[in-house]
Amino acid sequence: MIRAILLDVDGTLTRDRSTEALDPEAIEAIQETVGKYVIGLVTGNALIVTQALARYIGLPRGSPLIAENGCILEYGGEQYELCEDLGLREVALRLIKIIPGLKPTYQFNYRRFDITLWAPRDPRELVSIVNEELRKIGLADKVRVSHSGYALHLQPPSSSKAIAVKRLCEVMSIPCSEVAYVGDSDTDVDVMDVVGYGVAVSNAVDELKRRARIVLPRPSGKGVAYFLKYYLPKISPKEHQ
């Protein structure tokens with residue numbers, strides 16, 4: 001039985017993993033499913049961006065939202081901070097002065113824990129360069145560096161979507177075994193071991209597809225639409241208010 005559905009955003013609700021444009025089929029399917037299940041967003045985006053997305057997608061006020069890759073949880077109007085504030089914005093500003101071409105993203109000033117930067121470089125190369133500079137200034141052990149394909153992330157080592165989803169289940173009083181989670185990237189992998197129904201879109205990273213309980217036949221937003229319209233009624237036919 002599924003009572004709640006959590007959806008990653010970038011690469012999952014978008015048209016594909018290289019654009020920020022939302023897939024209209026996914027949005028339509030979400031709007032048709034609202035009211036039958038609790039639906040929430042889990043993303044690396046800033047909370048204010050996540051709140052706006054939820055509003056325009058059509059989720060009810062108070063719906064579960066997890067932002068900054070698990071550092072901030074919001075549900076029922078209450079907010080929970082799950083990461084330590086390590087002052088990573090100041091670290092980011094130091095890196096911007098050191099690494100040519102490195103710039104803050106448009107969300108930079110709205111983020112508290114997980115800070116995002118961008119540069120016109122190969123993601124793996126950029127992560128390697130940033131890690132080396134952090135090593136030089138003695139911060140390599142205090143900052144986790146990753147790249148979502150959309151931006152470079154400077155994260156507290158404690159940040160985790162999986163930990164945030166566990167906390168959300170407690171707050172909602174819904175067993176995680178009755179939660180479905182749809183994702184596409186490395187940041188979603190650990191969540192597969194937390195929820196009862198881990199779901200990967202067809203263009204997800206290989207490790208996510210290996211760990212998922214369900215691998216959808218369609219990519220990104222079209223995969224979400226397929227799951228909500230055709231797969232979900234088969235595995236959880238009863239509607240939940």
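Two disulfides are present in the structure, which is a predicted model. A disulfide is a covalent bond between the sulfur atoms of two cysteines. Counted along the chain, the bonded cysteines follow the pattern 1-2, 3-4.

One of these links joins C71 to C83, with an S to S distance of 2.2 Å. This pair ties together distant parts of the chain, its two cysteines being 12 residues apart. C71 sits in the loop between β3 (65-67) and β4 (72-75), while C83 lies in the loop between β5 (78-81) and α3 (88-98). The angle about the S-S bond is -80°, and the link of C71 and C83 is accordingly left-handed. As for exposure to the surroundings, C71 has a relative accessible area of 0% and is buried. Its partner C83 has a relative accessibility of 9%, and because buried means under 20%, C83 also counts as buried.

The other link is formed by C169 and C176, whose sulfur atoms are 2.3 Å apart. Here the angle about the S-S bond is 120°, and the link of C169 and C176 is right-handed. C169, at 5% relative accessibility, falls in the buried class. C176 has a relative accessible area of 15%, which is under the 20% cut-off, so C176 is buried as well.

Turning from the cysteines to the strands, an open sheet is built from four strands in the order β6-β7-β9-β8, with antiparallel pairing. The edges are taken by β6 (103-104) and β8 (144-147); each has a single partner strand, so one side of each is left without a neighbour in the sheet. Further in, β7 (residues 115-118) and β9 (residues 152-155) run antiparallel and are joined by three bridges. Within this pairing, L117 stands opposite L152 in β9.

Helices accompany the sheet too. Helix α3 packs on the sheet and touches β6, β7 and β9, its direction making about 15° with that of β7. The loop that holds C83 is the one between β5 and this same helix α3. Helix α4 (residues 123-136) lies across β8 and β9, and its direction runs at about 165° to β8. Strand β9 is thus a handy landmark when viewing the model: β9 is touched by α3, and α4 lies across β9 together with β8.

Key
Residues numbered from 1 in each chain as written. Predicted model: local features only at pLDDT ≥ 70, side-chain atom pairs only at ≥ 80, totals over all residues. Heavy atoms only, no water. Disulfide = S-S within 2.5 Å. Buried < 20%, exposed > 50% of the residue type's maximum accessible area, 1.4 Å probe, protein only. Pairing = 2+ DSSP bridges. Contact = heavy atoms within 4.5 Å. Axes fitted to C-alpha atoms, helices over the stretch in contact; angles between N-to-C directions.
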